[in-house]
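This report covers selected local features of one structure, beginning with aromatic side chains and moving on to helix packing and buried charged residues.

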Amino acid sequence: MRRLLIKGVRFYQRAFSAFSPAHCRYYPTCSTYTIDAIDHFGALKGSLMGIARILRCQPFVKGGFDPVPTHFSLRRNPQFKEEVTRVKKR
């Protein structure tokens, strides 16, 4: 199941994403994040994390660096969110 989902995301990257302008607010991109999450947490949890990430990718969010967390979470990686806040306070 993992391989099938990853192949689906890779197909999206090659067929659709390659021909549209870059507009993802996060790094790594949402499709790369989804592949990493599926690879690390499995098909179900990784897919849920990818869907949550896509739903977070909207105009009202600042975005930034958001790698796949080490523990399952549908929220933004709190470790890197805190670092961004600390840098802004200085």
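F11 and F16 are both exposed, where exposed means over 50% relative accessible area, buried under 20% and partly exposed in between, with a 1.4 Å probe and protein chains only. The model is predicted, so local features need pLDDT of at least 70 and side-chain atom pairs count only at pLDDT 80 or more, whereas totals for chains, interfaces and linings use all residues. Residues are numbered from 1 along each chain as its sequence is written, and side-chain values use heavy atoms, with hydrogens and water left out.

There are four aromatic pairs in the structure. One of them joins F11 and F16, with ring centres 6.1 Å apart and planes at 85°, so this pair is edge-to-face. Rings of Phe, Tyr and Trp (its six-membered ring) pair if their centres lie within 6.5 Å; planes under 30 degrees apart count as stacked, over 60 as edge-to-face and the rest as tilted. Together with Y12, F11 and F16 form one aromatic cluster.

Helix α2 (residues 30–41) packs against helix α3 (residues 43–56) at an angle of about 155°, and their axes are 7 Å apart. The two helices are therefore roughly antiparallel, a term for angles over 145 degrees. Their crossing is right-handed. On the α2 side the contact includes Y33, I38 and F41, and on the α3 side M49, R53 and R56 are among the residues met. Contact means heavy atoms within 4.5 Å. By class, the residues of this contact are eight nonpolar, four polar and three charged.

The loop between β1 (26–27) and α2 contains P28. The peptide bond from Y27 to P28 is cis, with omega near 0°.

Two buried charged residues can be set side by side.

| Residue | Place | Relative accessibility |
|---|---|---|
| D66 | loop between β2 (64–65) and α4 (78–89) | 0% |
| R56 | helix α3 | 14% |

D66 counts as buried because its relative accessibility is 0%, and R56 counts as buried at 14%. Beyond four places in sequence, D66 touches Y26, Y27, P28, Y33, R53, R56, R76 and N77. The cis-bonded P28 is thus one of the residues that D66 contacts. With neighbours within four places left aside, R56 is in contact with Y26, Y33, V61, D66, L74, R75 and R76.

Terms used:
Axes are lines fitted to C-alpha atoms, for helices over the stretch in contact, and angles run from 0 to 180 degrees between N-to-C directions. Helices (H or I, at least four residues) and strands (E, at least two) are DSSP runs, numbered from the N terminus. Angles under 35 degrees count as roughly parallel, over 145 as roughly antiparallel, 65 to 115 as roughly perpendicular and the rest as oblique. A crossing is left-handed if the near helix is turned anticlockwise from the far one by less than a right angle, and right-handed if clockwise. Ala, Val, Leu, Ile, Met, Phe, Trp, Tyr, Cys and Pro count as nonpolar, Asp, Glu, Lys and Arg as charged, and the others, Gly among them, as polar.
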